[in-house]
Amino acid sequence: MTDSVVTRFAPSPTGFLHIGGARTALFNWLYARRRGGRMLLRIEDTDRERSTPEAIDAILDGLKWLGLDWDGDVIYQFQRAARHREVAEQMLASGRAYRCYATAEQLKAMRETARAEGRTRLYDGMWRDRDPAEAPSAIRPTIRLKAPQTGETVIDDQVQGRVVWQNESLDDLVLLRGDGNPTYMLAVVVDDHDMGVTHVIRGDDHLINAARQKQIYDALGWELPSMSHIPLIHGPDGSKLSKRHGALGVEAYRAMGYVPAALRNYLVRLGWSHGDQEIFSTQEMIDAFDLPAIGRSAARFDFAKLENLNGHYIRHAGDQSLVTLFEDVLSYVPDGAKVKAKLNDATRAQLLKAMPDLKQRAKTLIELIDSANFIFADRPLAIDPKAAVLLTPETRQLIGRLGAALEPLSAWTAETTEAATRAFAEHNNLKLGAVAQPLRVALTGRTTSPGIFDVLAVLGREECLARLADQASA
């Protein structure tokens with residue numbers, strides 16, 4: 001292992017941290033951590049119109065929530081524009097780039113001609129070898145790379161294998177625009193070089209960029225980082241991932257009640273495999289992750305699989321950590337503020353006490369919140385329509401009598417309340433279910449809940465007797 005490995009995650013802040021970006025960040029993070037290296041974070045904010053502070057905050061928050069930390073300060077690409085211009089001028093001075101004075105109309109005509117003739121090279125090189133003395137004074141020139149016109153550009157990709165482009169089909173790409181602003185292609189190469197990036201791991205939608213960036217590296221005499229272009233994530237039906245499939249921001253998964261460890265585990269298995277293993281601790285991921293084990297075909301997003309995995313993580317999580325996650329997600333869900341307002345030492349203690357049973361039933365934190373509703377419900381309880389059917393005059397009378405039977409208990413636990421309820425049912429020649437179900441409705445307002453005697457223990461004597469009295473007298 002060496003500490004010389006440097007990866008980077010370089011999102012554009014034009015929207016949220018989407019799920020594909022989160023996986024790219026995870027792969028970069030794992031590769032660096034396994035090799036004792038560093039993962040850097042660069043915000044590619046050169047598109048000034050579309051880059052927003054809100055998007056930057058969403059990216060940083062999403063990474064932190066996923067537990068993906070980065071090394072050193074965040075680097076902002078736009079702040080390095082002077083350095084990018086300096087490199088473009090160096091290339092101009094060395095003859096590896098040239099000024100292009102083509103007008104917008106001329107460029108449009110070139111593109112149309114090239115497309116009509118079936119050529120992929122859209123710029124015809126009209127200013128490549130011309131005397132700058134011929135330059136029109138009214139036009140602010142771009143600076144273009146003097147790209148090789150024959151031979152091949154080759155990338156030995158750790159995921160895609162050997163990828164070859166014919167140079168005759170690649171343009172003399174623009175490095176510096178007429179307004180003096182660097183292009184994305186130049187900025188990425190200069191930043192990766194200056195940051196000491198050794199491994200570029202990104203989506204395979206950047207593969208064509210790799211050919212162009214390799215030509216810039218070659219022109220500058222710089223060493224190309226190791227390249228790994230990972231297949232994109234598709235929907236379950238094999239089509240491009242869309243919002244209906246799960247192409248959402250990381251914050252949306254947070255709001256849907258997924259826990260960070262489960263989402264990390266799910267993402268690592270999207271396109272990467274390690275035998276038949278499905279469940280990975282963070283350390284197991286770090287120890288096992290490697291680039292050659294990434295498949296070349298697109299991974300398919302499967303919400304059902306993610307939900308099952310999330311349920312596994314909830315069931316195996318510590319009760320106190322789930323209380324913390326429960327509180328965290330309240331800021332992101334509808335009506336979460338109502339529950340948050342009722343969180344205090346007493347309700348937190350009740351939630352912690354109920355957690356061993358609650359977590360067995362929930363696949364998401366939203367389901368956990370829903371099943372813990374009985375703790376935070378206001379009196380008199382709102383009764384679900386399905387449950388209200390059970391509250392006949394006879395069952396209300398039964399609830400009143402059961403309350404009277406429970407009231408004398410000296411100790412109020414799941415065990416003592418169960419024993420008393422069973423004795424009450426036997427005394428009245430009733431099956432336990434005939435008593436337990438009305439009791440459940442009276443205490444939770446629903447026909448389903450955690451174990452009813454656990455509910456009695458969690459709510460405590462005073463609250464239980466008050467709720468029973470509410471329904472008996474309604």
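**Reading the terms in this model**

Biologist: Glu117 and Arg119 are described as a salt bridge, so what makes the pair count as one?

Modeller: The closest N and O atoms of Glu117 and Arg119 are 2.9 Å apart, and a salt bridge is a side-chain nitrogen of Lys or Arg within 4 Å of a carboxyl oxygen of Asp or Glu, so the pair qualifies. The model is predicted, so local features need pLDDT of at least 70 and side-chain atom pairs count only at pLDDT 80 or more, while totals for chains, interfaces and linings use all residues. Residues are numbered from 1 along each chain as its sequence is written, and side-chain values use heavy atoms, with hydrogens and water left out.

Biologist: Why is Glu117 called exposed, and what is Arg119 called?

Modeller: Glu117 has a relative accessible area of 53%, and exposed means over 50% (buried is under 20%, partly exposed lies in between, with a 1.4 Å probe and protein chains only), so Glu117 is exposed. Arg119, at 35%, is therefore partly exposed.

Biologist: Which parts of the chain does the salt bridge between Glu327 and Arg348 link?

Modeller: The side chains of Glu327 and Arg348 meet at 2.7 Å, N to O, and the pair links distant parts of the chain, with Glu327 in helix α11 (residues 319-329) and Arg348 in helix α13 (residues 345-358), 21 residues apart. A helix here is a DSSP run of H or I with at least four residues, a strand is a run of E with at least two, and both are numbered from the N terminus. Glu327 has a relative accessible area of 22% and is therefore partly exposed, and Arg348, with 30%, is also partly exposed.

Biologist: How many salt bridges are found in the whole structure, and which residues are linked in a network?

Modeller: The search finds 32 salt bridges, and the network links Arg8, Arg42, Glu44, Arg80, Arg83, Glu86, Asp191, Asp192 and Asp194.

Biologist: Why is Leu409 counted as buried or exposed, and which residues is Leu409 in contact with?

Modeller: Leu409 has 19% relative accessibility and therefore counts as buried, although its place is in the loop between α17 (393-406) and α18 (414-427). Leaving aside its neighbours within four places in sequence, Leu409 is in contact (heavy atoms within 4.5 Å) with Thr416, Thr417, Ala420 and Arg461.

Biologist: How do you know that β1 and β2 pair?

Modeller: Two strands pair if DSSP finds at least two bridges between them, and four bridges join β1 to β2 (residues 38-43), so these strands pair. Thr7 stands opposite Met39 in β2. The open sheet has three strands in the order β1-β2-β3, with parallel pairing, and its edge strands are β1 (6-9) and β3 (75-76), each of which pairs on one side only.

Biologist: How do you know what span is expected for helix α19?

Modeller: The expected span is 1.5 Å times one less than the number of residues, and for the 13 residues of α19 (432-444) this expected value is 18 Å, close to which the helix reaches 18 Å from its first C-alpha to its last. Several of its residues are buried, including Val435, Ala436 and Pro438, and the buried residues of α19 pack against elements including α15 (373-376), α16 (385-388) and α20 (452-459). Just after α19, Gly445 takes a positive phi of about 80°.
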